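I wanted to see how the copies of a chain sit against one another. These are my notes, in the order in which I looked things up.

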Number of protein chains: 4
Amino acid sequence: MKGMRAIDLNCDLGESFGAWSMGDDTAMLDVVSSANVACGFHAGDPATMLATCRAARDRGVVIGAHVSYRDLAGFGRRFLDVAPAELHADVLYQLSALAGVAASVGTEVRYVKPHGALYNRIVSDAEQAAAVADAVASHPTELAVLGLAHSAIERACADRGVRFVREAFIDRAYEADGTLVPRGREGAVLASGDGIAARATRMASDGLVDTIDGETIPLDAVSLCVHGDSPDAVAMATAVRAALESAGIPIEAFA
Amino acid sequence: MKGMRAIDLNCDLGESFGAWSMGDDTAMLDVVSSANVACGFHAGDPATMLATCRAARDRGVVIGAHVSYRDLAGFGRRFLDVAPAELHADVLYQLSALAGVAASVGTEVRYVKPHGALYNRIVSDAEQAAAVADAVASHPTELAVLGLAHSAIERACADRGVRFVREAFIDRAYEADGTLVPRGREGAVLASGDGIAARATRMASDGLVDTIDGETIPLDAVSLCVHGDSPDAVAMATAVRAALESAGIPIEAFA
Amino acid sequence: MKGMRAIDLNCDLGESFGAWSMGDDTAMLDVVSSANVACGFHAGDPATMLATCRAARDRGVVIGAHVSYRDLAGFGRRFLDVAPAELHADVLYQLSALAGVAASVGTEVRYVKPHGALYNRIVSDAEQAAAVADAVASHPTELAVLGLAHSAIERACADRGVRFVREAFIDRAYEADGTLVPRGREGAVLASGDGIAARATRMASDGLVDTIDGETIPLDAVSLCVHGDSPDAVAMATAVRAALESAGIPIEAFA
Amino acid sequence: MKGMRAIDLNCDLGESFGAWSMGDDTAMLDVVSSANVACGFHAGDPATMLATCRAARDRGVVIGAHVSYRDLAGFGRRFLDVAPAELHADVLYQLSALAGVAASVGTEVRYVKPHGALYNRIVSDAEQAAAVADAVASHPTELAVLGLAHSAIERACADRGVRFVREAFIDRAYEADGTLVPRGREGAVLASGDGIAARATRMASDGLVDTIDGETIPLDAVSLCVHGDSPDAVAMATAVRAALESAGIPIEAFA
């Protein structure tokens, strides 16, 4: 098993807000190596951010800023047609806030992952992708960006010398061109029984995945995204981690 | 005039929000030496924060984080009974956000000034004062706190080794014990014609002010607060600056 | 059992917001006779309000407007020092919004219950109580107010000819003077095993309750408040309803 | 001049929020016959709504609900990809809130005008247009909708038996097909000196306008929209009103 390349497991965390809680963050932090921490625009009040940074630090989990459109009512899942200069400032504001919060408890933000509708938008919208990459590049700390391969945001990062890290989704179906099958289409989201652990292991060890049409394509992901907000999220993530470990694949943060 | 101690002029800035503007920030930045920049909780969207940091940097004006209760609808002027742990996180979030925004344009946040109802509350509320001082002390950068002399926040800062800087108000009447005459009482707020420039000069040169009852008391302020949101704010601030300069008092940021 | 006075059961509902859910509204609506529906200021986005009104209508549950300070981040549980004229407008806005939403699905708002910190404040703050009562009185529909006996809001309603309805809490301890033992004091909140069903039945049938010090005092409540957001909320409410029915006490909305 | 058809003048009003003010509402209310009053989602806190309704009532100006995407930071000027069921509820919430506020001071809401990005979107987006029309149709009071001719929202209203009222813009350039020249293109927005009063008079008396390319097309508008937020808004609106009156055209609300 020597020479086996390590893989990162990332998960959205800190998505509670005030009296409302979401997900079992404590349990997920025992499974993942990277935590995408909400920064207040789609979820994550400051006290939640602080508690999440402390918990991640205690478990050696690397922290990323999960930046979003300003949309608490929509949980950042709705496209918002923000002007690039405003998007730049919004992203910079969020990651800076989390960076200071993390630093106050002796840890740090190492990467940025756009959330929800923003994540999807900058797969193809070059203007918004450039705004996000500009914001990350303008931050005094060197930060990576986590996202989808072959995307506008990957190109925008390359243009600015920002490290871009490709991720794959363990529970989402892929098209032949490596894009995700849109949610809402049948078979777009895989459930517990669908061999997710074996699929994740193959992604990590061979860099391959079967598409929704049965083809096999290369993925080349450095990080695997596990979801945190479904009822069986912890069980699924735990099973994936166990399968990776059984296969001798080291689980390590990329950043 | 040699040996004349310098004085700082501070003003609330960056208090626009989205489509709404407030104050003439560009003009005020030519007059003051320290800018209290809103951080999004009472005013100041991220794009405004970024523009304000750039403008302050271009003029050599020092930047402070103007932190507030979370209350856009009330402009942070209404007391909010936040639990200390939440207030700590709220203050840390705001100053961290501004710190990153400032750093992205090559400048930095050097101090924190609580805004509005929070400012007034922590004159006497030891618990909330401790939460604010803890937040500032926990930030990785060394920051000063700007506030009222003999206050709970001054004591909380002293207890934590945080530098506290006393300010005086050029257009507010004082009681014999050095506290401000509450707004709403007759004579609490001085207007343009009330000899404000001479009063400010005396505060800066002699550290003295006449109270509302005609007594003279010591003030010992390192910074003078000029207001930015009244119609004649720029004219008043400009007159104060001119009077200070005529008296040979250097105007310099404290931080 | 004839002649037995009816009792109302009220519960806070519709307290989800966007992606965050709270409580099991569907189950609670099968138990209670009156639903305090959140109106967007502490919880309750418009789509949730609409769904809650439909569900209440389908079960014949009477709808009340659960009005709050504007404080999503604090779930309306933090005192906010709003000026009376603003509080009047805030309350009117919320109850009007819910009234239109309810009317659009063929039902109506019949009462107002202040929420959280506002509820507690207007037990004693005559100025804020007056603002709330003014807002209710100014609404074109005749509405009752649900609250604590012997309170400032009860007096403010009486002064304006607004019907005031007294409620009791099945799971809160009482002082000898009929006020609630403050949360945080030991014994302030009763748990499942504490004979709550028997206590509620006695409140309804005899109008009596044992205080935290063991005295028996009169309560005279027309409605009993059951909580909806604890893990065993539905079980507790169901047990209370069963006990009331066993005792032959009719459960009927007051409005 | 007998037989001259009346024209309505409408203007966006009540767009202040908390400490931020916008426009000279008092002056504009002396000029227009219909007020599009902000309902809290892009502007307009409840106290401002209440004050605006009082001021409109005192001058006999008809009130419309100026409903928007939920976007205070963007003033409702940014497209938000809201699901139809949520948009329905958001629109219903806003117009209901204003309806109750208006009723509390003895007046009423008679129409709905979508604001900003929502206004523009439902010119062509049939799904969002249907959601808006459904919301208006579901409200217990019969309300008209004010918007652009030949639009998706006009068709959606027709399908539901909701009265649709066409408006024209006195200071916007038109294409040959009757659509507006997009802001940002040269000549899209006319300034004071561009013969706006004469243009408005021709729109009202003859139902004609010259396009940006010099053609003359029919407009058939029942209401003319005057803007309220430019520095010379009141002067322009006053000049238009004077020109209409000189031409003997009665100025009357359509609703």
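The entries below go through two interfaces, a rotation axis and one pair of rings.

**Entry 1: what I am looking at.** I note at the start that this is a predicted model.

**Entry 2: chain A against chain B.** I looked up the contacts first and found 25 residues of chain A touching 25 residues of chain B. The two chains bury about 1,800 Å² between them, and 73% of that lies on carbon and sulfur atoms. I then asked which three residues supply the most of the area that chain A buries against chain B. They are Pro46(A), Tyr93(A) and Ser104(A), with 32% of that area.

**Entry 3: what that side is made of.** I checked for charged pairs and found 0 salt bridges across the interface of chain A and chain B. For polar contacts, I found 2 residue pairs across the interface of chain A and chain B. Helices α2 (46–58) and α3 (84–104) of chain A each give at least two residues to the side that touches chain B. The largest share of that side comes from α3(A), with 12 residues. Sorted by type, the residues of this side of chain A are 14 nonpolar, 7 polar and 4 charged.

**Entry 4: chain A against chain D.** Here I found 9 residues of chain A in contact with 9 residues of chain D. The buried area is about 830 Å², and carbon and sulfur atoms give 59% of it. Arg78(A), Phe79(A) and Leu80(A) supply 58% of the area that chain A buries against chain D, more than any other three residues.

**Entry 5: charges between A and D.** How many salt bridges cross the interface of chain A and chain D? I found 2. In a salt bridge between the side chains of Glu86(A) and Arg78(D), the distance from N to O is 2.9 Å. I also found 4 residue pairs in polar contact between chain A and chain D. The side of chain A that touches chain D has 4 nonpolar residues, no polar ones and 5 charged ones.

**Entry 6: the axis.** I laid chain A on chain D: a turn of 180° and a shift of 0.1 Å along the axis give an RMSD of 0.0 Å. The two copies are therefore related as by a two-fold rotation axis. In chain A, Leu80(A) comes closest to this axis, with its C-alpha at 2.3 Å. I also saw that 100% of the interface residues of chain A are interface residues in chain D too, so the copies meet through the same surface.

**Entry 7: rings.** I counted 30 aromatic pairs over all chains. One of them joins Tyr119(B) and Phe169(B) edge-to-face, with 6.0 Å centre to centre and 90° between the planes. Tyr119(B) is in helix α4 (residues 116–121) of chain B and Phe169(B) in strand β6 (residues 164–169) of chain B, so I noted them as 50 residues apart.

Methods:
Residues numbered from 1 in each chain as written. Chains lettered and ligands numbered in written order. Predicted model: local features only at pLDDT ≥ 70, side-chain atom pairs only at ≥ 80, totals over all residues. Heavy atoms only, no water. Least-squares fit on C-alpha atoms with pLDDT ≥ 70 in both. Contact = heavy atoms within 4.5 Å. Buried area = accessible area lost by both parts, 1.4 Å probe. Salt bridge = Lys/Arg side-chain N within 4 Å of Asp/Glu carboxyl O. Polar contact = N/O pair within 3.5 Å; in protein donor to acceptor, adjacent residues only side chain to side chain. Helix = DSSP H or I, 4+ residues; strand = E, 2+ residues; numbered from the N terminus. Nonpolar A, V, L, I, M, F, W, Y, C, P; charged D, E, K, R; others polar. Phe/Tyr/Trp six-rings, centres within 6.5 Å; stacked < 30°, edge-to-face > 60°.
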